[in-house]
Amino acid sequence: MTNLLNPATAVDDGPVPETTRSDWASDQEVRWCPGCGDYSILTALQLLMPELGVRREKTVFISGIGCAARFPYYMNTYGVHTIHGRSPAVATGLAMARPDLDIWVIGGDGDMLSIGGNHLIHALRRNVNLNILMFNNQIYGLTKGQFSPTSEVGKVTKSSPVGALARPFNPISMALGAEASFAARTHDMDRHHMQEVFRRAHDHDGAAFVEVLQNCNVFNDGAFAAITKKDVRKDMLIDLQHGKPILFGSEEQYGVALAPEGAVIVEVAKLGLENVMVHDETIRNPSNAFALSRLAKTPDTPTPVGVFRSIERDEFSSSVAAQIDEIQAQLGQGKLENLLRSQPIWEV
Amino acid sequence: MTEIGGASSAPALELDEVIIRFAGDSGDGMQLTGDRFTNASAMFGNDLATLPEYPAEIRAPAGTMAGVSAFQVHISDHDITTPGDAPDVLVAMNPAALKSDLSTLVQGGTLIVNKDTFEERNLAKAGYESNPLDGEDLSGYRVIEVAMTTLTKEACAELGVKPRDADRSKNFFALGLLSWMYSRPIEPTIDWIDSKFAGKDMVIAANKAAFSAGHAYGETAELGAQRVVVKAAPLLKGTYTNINGNTALSWGLVAASQLSGLPLFLGSYPITPASDILHELSKHKAFGVTTFQAEDEIAAIGSAVGASYGGSIGVTTTSGPGVALKGEAMGLAVSLELPLIVVDVQRGGPSTGLPTKTEAADLMMAMYGRHGECPMPIVAPRTPADCFDTAIEAARIALVHQTPVMLLSDGYLANGSEPWRLPDVADLPNIDVEFATAFNMVNEDGEESFWPYLRDENLNRPIALPGTPGLMHRIGGIEKDDGTGNVSYDPENHERMVRLRHERVASIPIPDAVLEDGSTGNADLLMVGWGSTWGAITGACRRVRSTGGEVDHVHLTHLNPLPANLGDLLRSYRRVLVPELNLGQLVRILRAEYLVDARPLSKVKGQPFTAGEIQFAIIADINEFSGSPNEPTSTTTKKGVAV
């Protein structure tokens, strides 16, 4: 329904003004620990926003609770810092009420996979037009160092002094299992890679899930160092490129192939390039993407990054709006007088 | 098909009111039967009130006591306020229904049974060792035994309906019989069958045949019961519809959307007895209503907060267990100072409690059930139709005062129905809402800016909707600086913000409490009620007054803030009695707020008060304090009252 009272819908549709990073940075002092990976994610996004062709006033950052959830305070856009785990739910309501907005949902692994796991999977299943960035540092930071749902088995923390027992979530596997139409992974050590993945997430019509491997230098320092440090990246990060064979290594000497037991790492020279898996984000069956998500068991073996899956699927809030439009086209705008007389009536 | 209608030969007995209770197995369609009887009565012009009572199980084992579903309807030729204390007529479709509900029937009342079901298996399931129709147990009642199943099957046989399918129509036989006995118009039921089962010709034919057969049976059989007429009630001139609380509440929310010009957004998770609001609003897309069946109660309110933030009227509907889950998000809405409506259709608790039964024990949760100092306005409708006005009032407070509001309905209001004189839509006052569109501050450096917590004289903050150019800002659940809205841990600021949030709710202007009709202002005893107890308290007060007793009644729609004159009003009475469907929640608030010796009158049986129960308590109170004998006159005090 056109909301005549809402001044926000009356915005000039002229060209989007040119902006720079500083236009997207709020005046608030950033209060993450010095050296936190969140800084580089913030920088990457603030630098990217001017390139996305969106208006600041149409951009909303919604977060839950945790270190990552402070993100909205630092963006000069609209923003709501909500409650623990519920940001996908709040964002879903906002997206349904206001399909004109560009909504980013920011949270950590505890926020999104533990207390808010239910909301995340349903937002993905419904395919609500949200850009969901989950900063995965495999630890609870804001509560000062308990194991998280992505912490490895055996992790020694304050709440697991002799080692965490439960098997961690694989965020990409979980997103794919939740019918995500877009699932990607990037990491805080590579601004360019983050920006390309964030851009793809933004351009995706539907729920875009991005796992950002993020270093918590206070409570879980170096969790991803074995794969993200500059000198090891070529051998340890497998950059997924749509339509291209999945190769990695300084000489692209390694590849990924599909074996009966799933995706496996092979030497290209031995197996032949023609037997290396060609990455296709758009296959509707998520099996290949799922196999890729299972390739690295722990963050010290070669790990795929990039877009695992990106398929077209009906977006939820526009489908909801379409139902309303269709009914209104059939019946016209509802009239309260008629509603009150829609049951049997009698006159006295 | 048998022709139905036509005048009966015998003259009808005129009564001023009748209470009928339909009881049967969950699969027998008793709710539908009661509902149809009610609608026919409404169309006829009676005043009425209903009490549907059904088990939480969808299909408890057939024929058992656990599976009994009942619908009580009170029809009259005068203004009534309750579904009646004790039925004059009980329709028992099987032995379990008889066993479970016979105790409610008045002595000498009429008992209509489907005698086909009184066979060994069903009797055993109900725990009868011998057939009660054969013994002396029912000698105190006028028993009418009808072979409803057999007669229905016979009526349907000529249509080619299979006996098993015909069996499903026996409730229409009962409805036809009762429609004859109580001179109900038949057209509303026939029309309803046609539209309800459109496209299913065989079902239409079977139901009509059963209905006609029941009606004809009444006309031709020697029932030993005279046909009864309850004349139309002298209602105010106007257009009426029969409405239940959940529907009225839904329409009130739609009306609030129209009156404010803001789209309505409902985030809800199915829960008894609130789900019908979700169902009803889902039908009204033509009004731009967006409904969202969320993954859980928390997502339901979370989505409503998000929609409110985007400029809609965010609403979430639930029952007590759901409210418990929504507490943190309500706190967020209080902190964000955003409009939000939380509808709690109360049911028996704690925990799963009595999902399909009524109770009003969530008042303390509504007042105090969130962490921190977290005040929310609370409103409570008093009758099913009043849910319409109260929903608009909740929206008005939420939108004008930028706050989440709790609306406390209950299972009795939700499912009970009454005739409602339709308001003139043009008379409904608009709800004026303004959003911020301009900067409201000049910073030290001379630059214009927007402070999202810079308050106006009503302590409202400016709400700038996302999409508004230039007014980008960040808000959240962390304590905010009074003014800039930036994160603040300053102790002085926090205390100021806590007090401001308190003051924002405490200073909401609401109407003074007014004594209910019939109150003189001279009684020693004041009855103070809230919510659905209005009908029973009103009925009780009328009875007491009719026998010369004096009692006054005030009924609160606004429970937070309370009416400004309430303290003085309470203190002007010698005694204050507060009937509640809980162990005494409002009474504690009144005692705490006003230091008055208000006393509780409690009932927590999953059922509403009867007027008789409250009448008994009033008379007992008057007698205790006056010493003069003034016995209750009603025969309906047998259920007892916990004082």
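Analyst: Two strands pair if DSSP finds at least two bridges between them. In this predicted model, A:Phe61 of chain A has A:Trp104 in β3(A) as its bridge partner.

User: What makes β1(A) and β3(A) count as paired strands?

Analyst: The criterion is at least two bridges. Strand β1(A) is joined to strand β3 (residues 102–108) of chain A by 5 bridges, and the two run parallel. The count satisfies the criterion, so the strands are paired. The bridge between A:Phe61 and A:Trp104 belongs to this contact of β1(A) with β3(A).

User: What joins β1(A) to β2 of chain A, and in which sense do they run?

Analyst: Strand β2 (residues 78–81) of chain A is linked to β1(A) by 4 bridges, in the parallel sense. There, A:Ser63 has A:His81 as its bridge partner. Strands of a sheet pair through backbone hydrogen bonds, either parallel or antiparallel.

User: Why is strand β1 (residues 59–63) of chain A called largely enclosed?

Analyst: A residue is buried when its relative accessible area is under 20%. In β1(A), 5 of the 5 residues meet that condition, so the strand is largely enclosed by the rest of the structure. In a regular strand the side chains alternate between the two faces of the sheet. Here A:Thr59, A:Phe61 and A:Ser63 point one way, A:Val60 and A:Ile62 point the other way, and all are buried.

User: Why are β8 and β10 of chain A called edge strands?

Analyst: The open sheet in question has 3 strands in the order β8-β9-β10 (chain A), with antiparallel pairing. Strands β8 (247–248) and β10 (262–267) of chain A each have a single partner strand, so one side of each is left without a neighbour in the sheet.

User: How do you know that β8(A) is paired with β9(A)?

Analyst: Between β8(A) and strand β9 (residues 254–259) of chain A there are 2 bridges, and the strands run antiparallel. The requirement is at least two, so the pair qualifies. In β9(A), A:Tyr254 is the bridge partner of A:Phe248.

User: What places β11 and β22 at the edges of their sheet in chain B?

Analyst: An open sheet of mixed pairing is formed by 7 strands in the order β11-β10-β12-β13-β15-β14-β22 (chain B). Its edge strands are β11 and β22 (558–560) of chain B, each of which pairs on one side only. Within this sheet, strand β10 (residues 264–268) and strand β12 (residues 313–318) of chain B share 5 bridges in the parallel sense. One of the bridge partners in β12(B) is B:Thr316, which matches B:Gly267.

User: Why is B:Thr290 called buried, and which residues touch it?

Analyst: B:Thr290 has a relative accessibility of 10%, and buried means under 20%, so the term applies. The residue lies in strand β11 (residues 290–293) of chain B. Leaving aside residues up to four places away in sequence, B:Thr290 touches A:Met96, A:Val320 and A:Ile324 of chain A, and B:Leu264, B:Phe265 and B:Leu266 of chain B.

User: Why is B:Gly261 assigned to a class other than buried?

Analyst: The relative accessibility of B:Gly261 is 29%, whereas buried requires under 20% and exposed over 50%, so B:Gly261 is partly exposed. B:Gly261 sits in the loop between α9 (245–260) and β10 of chain B. From C-alpha to C-alpha, B:Gly261 and B:Pro185 are 41 Å apart in space and 76 residues apart in sequence.

User: How do you know that chain B is as compact as a globular protein of its length?

Analyst: Chain B contains 20 helices and 24 strands. Its radius of gyration is 27 Å, close to the 26 Å that the globule rule gives for 643 residues, so the description holds. Buried residues account for 64% of those 643 residues. Along the principal axes, the C-alpha trace of chain B spans about 95 × 65 × 45 Å.

User: What supports the corresponding statement for chain A?

Analyst: Chain A has 13 helices and 12 strands. A compact globule of 348 residues would have a radius of gyration near 20 Å, and the 22 Å of chain A agrees with this. Of the 348 residues in chain A, 55% are buried. The C-alpha trace of chain A spans about 90 × 45 × 45 Å along its principal axes.

Methods
Residues numbered from 1 in each chain as written. Chains lettered and ligands numbered in written order. Predicted model: local features only at pLDDT ≥ 70, side-chain atom pairs only at ≥ 80, totals over all residues. Heavy atoms only, no water. Rg over C-alpha atoms; globule rule 2.2 N^0.38 Å. Buried < 20%, exposed > 50% of the residue type's maximum accessible area, 1.4 Å probe, protein only. Contact = heavy atoms within 4.5 Å.
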